[in-house]
Structure formats: C-alpha cells, structure tokens
Amino acid sequence: MFSKDNLQFQAIELPVQEALSPEDMKTRALAFFAKMKTRHSTRDFAGTDVPQEVIEHCIATAGRAPSGANHQPWHFVAVKSPDLKARIREAAEKEEEAFYAGGGGDEWIRALEPLGTGVEKQHLTDAPWLIVVFAQRYGEFEDGTRYKNYYVPESVGIATGFLIAALHHAGLSCLTHTPNPMKFLNGLLGRPSSEKPVMILVVGQAAEGAVIPVASTIKKPLDVIMTVK
C-alpha cells in the first residue's frame with residue numbers, strides 16, 4: 001500500500017505456495033480456459049437483482065491486481081440507483097449521437113457495424129449495476145500533497161481484466177461500454193479531476209433469449225496471438 005511514511009523494503013514469506021505437477025497445471029489451465037471461453041458481451045440484461053455483496057467481492061478481486069509501484073491507481077464506482085443510471089444513459093446517448101453523426105469517423109463506424117451497436121443504450125438502465133472504472137492520474141494524501149502514479153493505463157487495464165473475470169466467475173454477464181468523451185462521469189459521480197473515467201462495465205444476469213453478434217465469436221487462433229522463442 002502506498003503511504004506517506006518512509007517505507008523500507010522488508011521481505012515476508014510468500015503466503016501461498018503450491019507445487020503442482022505438470023498435469024495438475026494443465027488441468028487447471030484448461031478448466032479456466034473452458035470457463036472464460038463461455039464469456040460473451042451481451043446488451044440484453046434481465047432486471048434481476050444482484051446482491052451488492054457479490055459486486056463488492058468482485059471489485060475486491062480487482063483490487064488484488066498488480067500495479068506500478070503498488071500505487072493501485074484505480075477507483076471503481078458501483079452504481080445501482082435507477083435515477084443515476086438514467087442520467088448516465090442520457091449523457092452517454094448524447095455523446096453517442098455525436099459519434100454516429102460523424103464524430104467517430106467512417107472507418108471506426110464501419111468497424112462497429114458487425115457488432116450491431118448504435119445510439120440507443122438501453123442496457124445502461126436495464127442492468128442492475130453499472131461499474132464505472134476510473135484511472136487515477138496522480139494520487140493525493142489527506143493534506144492535499146500530490147504523488148505520482150506509475151504505469152497507470154497498464155495497471156488499470158490489468159485490474160479491469162481481473163474484475164471482468166471475477167464477474168464471469170460469479171455467473172454474471174458484463175458489457176464494456178466506452179462513450180467518448182466520458183468526462184461527464186466525473187461530475188455525475190462526484191469524482192475528482194485527478195481521475196480519468198476509462199469505461200463503464202454493465203453488469204447483471206443475461207435476459208432470457210439474450211443474443212450476441214456472430215462477429216464477436218470470431219477469435220484469433222493461438223498460433224496468431226502467441227509466439228514461442
């Protein structure tokens with residue numbers, strides 16, 4: 001934990017040490033792959049309630065991610081208020097209107113066509129939870145003194161990956177939504193200017209008959225995304 005105190009290096013024993021056999025490693029790796037292979041982004045959410053405790057556990061998992069200098073430069077705002085979700089949707093759709101009217105550029109808009117996206121973002125109010133991810137450009141102590149954070153995009157990206165995996169493991173569907181620009185989220189959620197909104201995770205149980213775009217099932221094969229030297 002980053003502290004204003006003059007922390008010094010001190011070693012402790014690794015809390016958990018597992019000496020797995022190669023076969024056990026393979027079994028675990030394949031089991032996790034099989035689980036994550038079932039993860040898909042959908043825009044069809046049921047209004048079924050999801051206990052706050054579930055969201056808290058998943059965000060706590062995200063907080064265990066590694067980060068530059070262990071500064072943990074992230075903040076997650078979990079939104080369940082119907083009124084606040086409606087205001088976020090209204091602001092997001094206003095930005096989307098500008099994007100699809102030409103602000104996004106022809107190439108970007110064409111790239112989105114196979115995914116079936118558009119201006120209307122009903123999922124923002126259908127889902128029981130929105131989790132807004134903020135990246136902290138710099139930190140501040142209680143007395144207002146600033147300190148620098150390191151590798152902020154990388155650290156927040158890793159933590160968000162942890163969060164998405166935790167949500168899926170808990171049996172929830174999750175959609176990443178990135179309205180552009182997103183500065184309106186600071187005002188709506190009362191976050192300081194030192195934090196940059198990165199994305200909105202739309203979270204809940206998938207609606208009965210939920211669909212996904214066929215194009216989203218096309219994944220690069222292992223021999224394309226991996227090189228062994």
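# Exercises around helix H6

In this predicted model, H6 is followed by Gly 171, whose phi is positive, near 90°. Let's start from that helix and work outwards.

## Exercise 1: The helix itself

Work out how the length of H6 compares with the expected span, and list which of its residues are buried.

*Solution.* Begin with the ends. H6 has 18 residues, and the distance from its first C-alpha to its last is 26 Å. At 1.5 Å a residue the expected value is 26 Å, so the helix reaches close to it by the DSSP-run count.

Next, look at burial, where the cut-off is under 20% relative accessible area. The residues of H6 that pass are Val 152, Ser 155, Val 156, Ala 159, Thr 160, Leu 163, Ile 164, Ala 165, Ala 166, Leu 167 and His 168.

Finally, ask what lies over them. The cover includes two helices, H1 (22-37) and H2, together with the strands S1 (74-79), S2 (129-136), S5 (173-177) and S6 (195-204).

## Exercise 2: Two helices crossing

Describe how H2 and H6 cross, and which residues meet there.

*Solution.* First take the geometry. Helix H2 covers residues 52-62 and helix H6 residues 152-169; their axes come within 7 Å and cross at roughly 145°. The crossing is right-handed.

Now turn to the residues. On the H2 side you will find Ile 55, Cys 58, Ile 59, Thr 61 and Ala 62. They meet Ala 159, Phe 162, Leu 163, Ala 166 and Leu 167 of H6. Sorted by class, this contact has 9 nonpolar residues, 1 polar residue and no charged ones.

## Exercise 3: The sheet

Find the strand order of the open sheet, name its edges, and examine the pairing of S5 with S6.

*Solution.* Step one is the order: 4 strands run S1-S2-S6-S5, with antiparallel pairing. Step two is the edges, which are S1 and S5, each pairing on one side only. Step three is the twist: on average, neighbouring strands of this sheet are turned by 25° against each other, direction ignored.

Now zoom in on one pair. S5 and S6 are joined in the antiparallel sense over 5 bridges. Within S6, Leu 201 is the bridge partner of Thr 176, and Ile 200 stands opposite His 177.

Is S5 enclosed or open to the outside? Of its 5 residues, 4 are buried, so S5 is largely enclosed by the rest of the structure.

## Exercise 4: One residue in S1

Decide whether Ala 78 is buried, partly exposed or exposed, and list its contacts.

*Solution.* Ala 78 is found in strand S1. Its relative accessibility is 34%, so it counts as partly exposed.

Setting aside neighbours within four places in sequence, Ala 78 is in contact with Ile 55, Ile 59, Trp 129, Leu 130 and Ile 131. Ile 55 and Ile 59 also appear among the H2 residues that meet H6.

For a last step, compare sequence and space. Ala 78 and Leu 201 are 123 residues apart along the chain, and their C-alpha atoms are separated by 9.3 Å.

## Exercise 5: The whole chain

Summarise the protein chain: its elements, burial and contacts.

*Solution.* Count the elements: there are 8 helices and 6 strands. Read from the N terminus, they run α-α-β-α-α-α-β-β-β-α-β-α-β-α. Of the 229 residues, 35% count as buried. Among contacts between residues at least 6 apart in sequence, 80% join residues at least 24 apart. The C-alpha atoms fill a box of roughly 55 × 55 × 40 Å along the principal axes.

Definitions and conventions: Residues numbered from 1 in each chain as written. Predicted model: local features only at pLDDT ≥ 70, side-chain atom pairs only at ≥ 80, totals over all residues. Heavy atoms only, no water. Axes fitted to C-alpha atoms, helices over the stretch in contact; angles between N-to-C directions. Left-handed = near helix turned anticlockwise from the far one by under 90°. Contact = heavy atoms within 4.5 Å. Nonpolar A, V, L, I, M, F, W, Y, C, P; charged D, E, K, R; others polar. Buried < 20%, exposed > 50% of the residue type's maximum accessible area, 1.4 Å probe, protein only. Pairing = 2+ DSSP bridges.
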